[in-house]
Amino acid sequence: MESLNTEKQVAKYLLDIKAVKLQPEQPFTWASGWHSPIYTDNRKTLSYPEVRKYLVSQFVDKIKAMYPDVELIAGVATGAIAVGVLVAEAMGLPFVYVRSSSKNHGLENQVEGVCNPGQKTVVIEDLVSTGMSSLKAVSALREKEVNVMGMLAIFTYGFPVAEEAFKQANCTLDTLSNYNSLIALAQEAGYVQQNQLDTLLAWRKCPDTWGQN
């Protein structure tokens, strides 16, 4: 079998296990209210040992190459807690996870686990759409005065609004795969036809207003 690069291999896994569903004719509605011909649930990767092992190995390789002096792995709740733990375990590093907001009882923590000021940290995320929830986690860690060196995610839609948000937050984002690679593979493998491809590409340009007419 032809060896695929990381972006294509991850996209293939996501399509094969139906972590990504493409429904141009029957769009999904996201929590944000956006209408979308695609829905991504990367939690499904945890149910497939081969897939999760591959994702972890790719994360570890990227972290070693990009952030060789990392001291702490952080996962964004809830989707990236499990894969973040697996990455931390593979690297022999401590782990924390970041809630979407502080608890309203007990210690009222937003960051769960032990972290220290100045600790060199890489954040693991499962999916980046607009980037807002991901960057809230980065902000919470920075409030703890840890040194957030960057974020790695399984998949990104590559929205300009997210790219600008990460730029403004001065946080480097790198991902294992992305929307462009997934759609290209979906076309090559016959998951979508040309008319469906046109719909998917049109949505990518204006996701916030697509399907409202």
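This is a walk through the pockets, aromatic pairs, cysteines and backbone oddities of a predicted model.

Let's start with the empty space. Rolling a probe the size of a water molecule over the atoms shows where empty space is left. Here the largest pocket holds about 720 Å³ of space. Its lining counts 30 residues, and those closest to the centre are Ala 31, Asp 126, Leu 127, Ser 129 and Ser 133. If you want to find the pocket by secondary structure, look for strand β4 (38-40), strand β8 (120-128) and helix α4 (132-143), the elements that each give two or more residues to the lining. Chemically, the wall of the largest pocket is a mix: 12 nonpolar residues, 12 polar and 6 charged.

Next comes the second largest pocket, with about 180 Å³ of space. Its lining is made of Leu 15, Lys 18, Val 20, Lys 21, Leu 22, Gln 23, Pro 24, Tyr 191, Val 192 and Gln 196. Which element gives the most to it? That would be strand β1 (residues 20-22), with 3 residues. By class, this lining splits into 6 nonpolar, 2 polar and 2 charged residues.

Two of those lining residues are worth a closer look. Gln 196 sits in helix α7 (residues 194-205). Leaving aside residues up to four places away in sequence, Gln 196 touches Pro 24, Glu 25 and Tyr 191. Of these contacts, Pro 24 and Tyr 191 also appear in the lining of the second largest pocket, as does Gln 196 itself. Is Gln 196 buried or exposed? Its relative accessibility is 15%, so it counts as buried, because the cut-off for buried is under 20%. The other residue is Lys 18, found in the loop between α1 (6-16) and β1. Lys 18 is exposed, with a relative accessible area of 52%, and we'll meet it again when we get to the backbone.

There is also some closed-off space. The structure holds 1 cavity of 30 Å³ or more, and its volume is about 40 Å³. Lining this cavity are Asn 42, Arg 43, Thr 45, Leu 46, Leu 55, Gly 79, Val 83, Asp 126 and Ile 154. Sorted by class, they come to 4 nonpolar, 3 polar and 2 charged. Asp 126 is a name you've already seen: it lines the cavity and is also listed among the residues closest to the centre of the largest pocket.

Now for the aromatics. Searching the whole structure turns up 13 aromatic pairs. Take Tyr 157 and Tyr 179: their ring centres are 6.2 Å apart and their planes meet at 55 degrees, so the pair is tilted. The two tyrosines join distant parts of the chain, 22 residues apart, with Tyr 157 in the loop between β9 (147-156) and α5 (160-168) and Tyr 179 in helix α6 (residues 179-188). Tyr 157 counts as buried at 2% relative accessibility, and Tyr 179 is buried too, at 1%. Both belong to a cluster linked by ring pairs, whose members are Trp 30, Trp 34, Phe 155, Tyr 157, Phe 159, Tyr 179 and Trp 203.

What about the cysteines? How many disulfides are there? The count is 0. For Cys 171, the nearest cysteine sulfur belongs to Cys 115 and is 16 Å away. A disulfide needs the two sulfur atoms within 2.5 Å, so Cys 171 is in none. Cys 171 counts as buried, at 7% relative accessibility, whereas Cys 206 counts as partly exposed, at 39%.

Finally, the backbone. Most residues other than glycine have a negative phi, and most peptide bonds are trans. Against that background, a few spots stand out. The peptide bond from Ala 77 to Thr 78 is cis, with omega near -5 degrees. Thr 78 is in the loop between β5 (72-76) and α3 (81-91). Lys 18, back from the second largest pocket, has a positive phi of about 60 degrees despite not being a glycine. Asn 170 is another non-glycine residue with a positive phi, near 55 degrees. Asn 170 lies in the loop between α5 and β10 (173-178), and it is exposed, with a relative accessible area of 67%.

Note on methods: Residues are numbered from 1 along each chain as its sequence is written. This is a predicted model: local features need pLDDT of at least 70, side-chain atom pairs count only at pLDDT 80 or more; totals for chains, interfaces and linings use all residues. Side-chain values use heavy atoms; hydrogens and water are left out. Buried means under 20% relative accessible area, exposed over 50%, partly exposed in between (1.4 Å probe, protein chains only). Helices (H or I, at least four residues) and strands (E, at least two) are DSSP runs, numbered from the N terminus. Contact means heavy atoms within 4.5 Å. On a 1 Å grid over the protein atoms alone, a cavity is a set of points where a 1.4 Å probe fits but cannot get out, and a pocket is an open set with protein on both sides within 12 Å along at least five of seven lines; lining residues have an atom within 4 Å of a point. Grid points are joined across faces, edges and corners, and a volume is the space filled by probe spheres set on the points. Ala, Val, Leu, Ile, Met, Phe, Trp, Tyr, Cys and Pro count as nonpolar, Asp, Glu, Lys and Arg as charged, and the others, Gly among them, as polar. Rings of Phe, Tyr and Trp (its six-membered ring) pair if their centres lie within 6.5 Å; planes under 30 degrees apart count as stacked, over 60 as edge-to-face and the rest as tilted.
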